[in-house]
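This report covers internal spaces and helix packing in one protein model. The sequence and structure come first.

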Amino acid sequence: MHRDDHAIVERLERYLRHRLPRAVESAAIPVDVSAWTVSGEPVPFERAVKQQYSPLPAGTPWGRPWDTTWLRFDLRRPAEWRGRRFELRVELGFSDEQTGFQAEGLAYDAHGAPVKGVHPASRWVPVPDVDESTIYVEAASNPVVLHHDGDRFDFSPTPLGEAGARDGGPQYVLGRSALVVRDETVAALVLELRLLGELAAQLPERSPRRAGILRGLDRALTALDSQDIAGTATAARAELKAVLASPAEQSAHRLSAVGHAHIDSAWVWPFRETRRKVARTVANVLERMAEDPDLIFAMSSAQQYAWLQEDHPKLFERLRERVAQGRFLPVGGMWVESDVNMPSGEALVRQFTHGTRYFESEFGVPTTIAWLPDSFGYSAALPQLIRSIGARRFLTQKISWNETNRFPHHTFWWEGIDGSRVFAHFPSADMYNSALTGPELHHAAVNFADRGRLDRSLIPFGYGDGGGGPTREMLDRARLAADLEGSPRVAIETPDAFFEASQREYPDAPVWLGEMYLEFHRGTLTSQARTKQGNRRAERLFREAELWLSTAAVLTGSAYPYEELEQLWRELLLMQFHDVLPGTSIAWVHEEAESRLAHVATRLEEYIRTALDALGGGEPSAQGALVANASPVSRDGIAPHGIGVPRAAHDSVTVERLEDGHFALANGRLRVVVGPDGTVNSLVDAATGREAVPDGQRMNQLQLHPDAPPNWDAWDLDAHPGSGVVITSTTGPAQVSEAGDGSVSVTVERAFGRSTARQTTTLRPGSARVDFATEVDWHESERLLKVAFPTTTATDRWAAETQFGYLWRPTHTNTSWEAAQFEACAHRWVLVREPNFGVAVVNEHTYGHDVTRGGDGDSGTVSTTVRLSLLRSPRYPDPHADQGRHRFHYAVVPGADVADAVREGYAVTDAARPVRAGESVRPLVSSSEEGILIDTVKMADDRSGDVIVRIFEAHGTRHRTTLSFGFPVASVTEVDLMERPSAVGPENGPVDLADLVFTPFRLRTFRITRSEK
């Protein structure tokens, strides 16, 4: 016989596209809809149900951007439908755009109980089996901010992400909703035909299995009568039985399918809309669980559970019941799925402790897996933190987005900077929102990097990003693919079951050491500078507030504000979500984030002042003006975390006017030459006599680059070798000024493009660093502003501070892996160093850096240039991102080693605070070793009155230290991050405070019980 494969495929597509969908509904009657529109923010059901509803006929435009329209469906079952299962099909006017990125709704019964979410891929709502009933749908007219055109996204600028965008006209046209009877036989046939067609498309053209599938499809389609689909569907399904009954090969890849609905806590929708997305998704999941015993569903982000608990307490209680049954699985142990590059170490600790404690207190569920499928790269500090909350496993898939290099493993051990390891897995489907289609299942199998050593991977399925979760069709696909020739075997099971099997079968999995750098979305380190500045400020103020509040509680008996600190922490943790802190959300989100971070900062400032007033009560000190040092390093003679009189600087700063308008500033430790254009063309370290600036080059040089990535505007950053403009011109002569503390500054003003800048170079008496302040009134579009610091160091690597330590990165581009890291994250400092000389660049609130090695190639002269990324101006998703005024503070430390970089990094970010009166205050806890930093001092979360101290090794070497205390101590216990007795590490057992051993970057937490004396 002649082969007619192409004709079979075309015939199948025609049936699936045009003939079969209409037949899934065996009966349908239109229903009338009435509506009430909310002006402004959403309202609860209890208010909406009392309003006056007006008819809203099909074909009527509805829904301004971000508005809510409550729809009421008064349903009457035809007498002839009694005994048949029927449902309501809701037509909000859905488009072909993505599910979760357009109109959606939550259906309620007449008593206000959430029934099910409504979205384009799941439009139906179950209806009570009675003659008359009423369904309400809270319909959100969310505008389409991110358009999807085929396989590509459209990143055109749009004003629809602004809070005021609701002033626009209607976004949707109401479709014709209907009460329908679903023909389960036809629905099953559609599913079988589609999955087999997709499977055949993935198999080799000459595969016997493909030929067998196509023959079966041909027979099934021949058995179908296009004019009597319902009457012939059973016969058509019979023709597929043999094809569907053929079992998978013994060697078939195994997929552990886990229901999932990644819900971005904010992105191209505001926070308040996420709260509703959570309710819609959970309602969907619980409806399916009631109908389908196979569904297992994993959901992260304790914040989203807390929102549901507040907004829909009865729905939350239904969720709690499914958690108790082991079917609804809280995973991840974090407050939100945060960015994990930029938050401080303590902020990441609190992400885990707040999330884990919520899951334990509300559900009695421990955290076993860190779950971060969508964050933009993974800090090397994470394995230690994951283990210290009691988890041992990690899941993501984002590294599959790498532009240059394919990550070599899908299942492996991940080792952090301190040596801690967790068992890690990347779903080989390269997605966290699979629909379990044939192409997705096939890709998961053939893409798996560890085949031959392991034959299983995990596949999260369900509509995600904007929520939605698994549908009934996805669950049916999973059952069809459970044991099907040509397909991987699919089993719905828990993530823990998957990880346990994988570790058992792959005990010698390879080890990946250090950071998991994402070769994509590098612009997230710079976009939305105000959000990032607010984050860094809040992190610093939390460390300060908890320190002084704890000190006041222990030494003066002052009350410790546990409740509000917890709420303020949760505000900050939410703002660190992986589309908020990275600067990739709509304008509405960032305006709100900046406001909420400012509120957090204001309250923390008030607490700091209250605590210091309590500690400084009494008459003015005879010692002189007191200063509180909240830094973990000494400052001007004041001990870390102490209050005392600062040591006076004995050196002064001299100013010498040189030829050609240059100024030489000197303080006995440094000599700085500032040119008339405000840049530094000489910086000499007096201790070594070493010049830090290469001949002919200048430090503090602003550079403006084109910044128009082809996609993902706010996310992506292109490499810029040799491109851009160096900004050297000024609008007037340099101005020299002297401050009351003896510091001397040189200031210039610049104009470039549509923007202006004011740059100030300052040298302070006795200081080991040169400080720079850059104020920018920024009005560029698709431009990137960097500031450059060329140095005379010759090195093939640079150190970048990360949480609880630092890591080394290459300055060269020998391989594609190194070349791809052209922009990378650092916290307070970076260091470039030869064996006997280094230069540190420290900053107050900047994260994006690039460090490159240069030289002329002839003389053998090598230099290393450090650049900080200050500002971007992407046009999507916020067309006005970063416009307006900004201030940046950074500094250069010549002659620096790691200890100097650490110390000066804290000096730039941590302000010394005057104390009004009183005497010096000894620190609550002190370390004898400079490299062992006491990072956090706080009261224990259990409100026992115990003090919690978090300590880490910061210099990357092995240290021994002695702890001493500024208050009577009854006992000291080493605990984990959850403040439970520690079961990790070689120091288990009694704590020897006189000889504590710290290996490089080791983080340890201690509970200190106060003596009653």
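The text below deals with a pocket, the cavities and two helix pairs.

The model is predicted, and the values given here are computed from it.

**Pocket and cavities**

The second largest pocket encloses about 1000 Å³ of space. Its lining counts 32 residues, and Arg635, Asp636, Pro765, Ser767 and Arg769 are the ones nearest the centre. Strand E46 (884-894) and helix H18 (898-909) are the elements that give two or more residues to this lining. H18 gives the most, with five residues. By class, the lining of the second largest pocket has twelve nonpolar, seven polar and 13 charged residues.

There are eight cavities of 30 Å³ or more. The largest cavity has a volume of about 350 Å³. Of the 28 residues lining the largest cavity, Ser344, Gly345, Arg828, Tyr906 and Asp935 lie nearest its centre. Two or more lining residues come from each of helix H9 (345-363), helix H14 (529-556), strand E39 (797-802), H18 and strand E49 (932-939). H14 supplies the largest share of the lining of the largest cavity, six residues.

The second largest cavity holds about 120 Å³ of space. It is lined by 15 residues, with Asn341, Phe376, Tyr517, Leu518 and Leu525 nearest the centre.

The linings of the two cavities divide by residue class as follows.

| Cavity | Nonpolar | Polar | Charged |
|---|---|---|---|
| Largest cavity | eleven residues | seven residues | ten residues |
| Second largest cavity | seven residues | four residues | four residues |

**Helix pairs**

Helix H1 (residues 5-23) and helix H3 (residues 184-202) have axes that come within 10 Å and cross at roughly 165°. Angles over 145 degrees count as roughly antiparallel, so H1 is roughly antiparallel to H3. The crossing of H1 and H3 is left-handed. On the H1 side the contact is made by Leu12, Leu16, Leu20 and Ala23, which meet Val186, Leu189, Val190, Leu193, Arg194 and Gly197 in H3. These contact residues divide into eight nonpolar, one polar and one charged.

Helix H7 (residues 302-311) and helix H8 (residues 313-324) pack with their axes 5 Å apart, at an angle of about 130°. H7 and H8 are therefore oblique to each other. In H7, Tyr305, Leu308, Gln309, Glu310 and Asp311 meet Pro313, Leu315, Phe316, Leu319 and Arg320 in H8. The contact of H7 with H8 comprises six nonpolar, one polar and three charged residues.

Note on methods:
Residues are numbered from 1 along each chain as its sequence is written. This is a predicted model: local features need pLDDT of at least 70, side-chain atom pairs count only at pLDDT 80 or more; totals for chains, interfaces and linings use all residues. Side-chain values use heavy atoms; hydrogens and water are left out. On a 1 Å grid over the protein atoms alone, a cavity is a set of points where a 1.4 Å probe fits but cannot get out, and a pocket is an open set with protein on both sides within 12 Å along at least five of seven lines; lining residues have an atom within 4 Å of a point. Grid points are joined across faces, edges and corners, and a volume is the space filled by probe spheres set on the points. Helices (H or I, at least four residues) and strands (E, at least two) are DSSP runs, numbered from the N terminus. Ala, Val, Leu, Ile, Met, Phe, Trp, Tyr, Cys and Pro count as nonpolar, Asp, Glu, Lys and Arg as charged, and the others, Gly among them, as polar. Axes are lines fitted to C-alpha atoms, for helices over the stretch in contact, and angles run from 0 to 180 degrees between N-to-C directions. Angles under 35 degrees count as roughly parallel, over 145 as roughly antiparallel, 65 to 115 as roughly perpendicular and the rest as oblique. Contact means heavy atoms within 4.5 Å. A crossing is left-handed if the near helix is turned anticlockwise from the far one by less than a right angle, and right-handed if clockwise.
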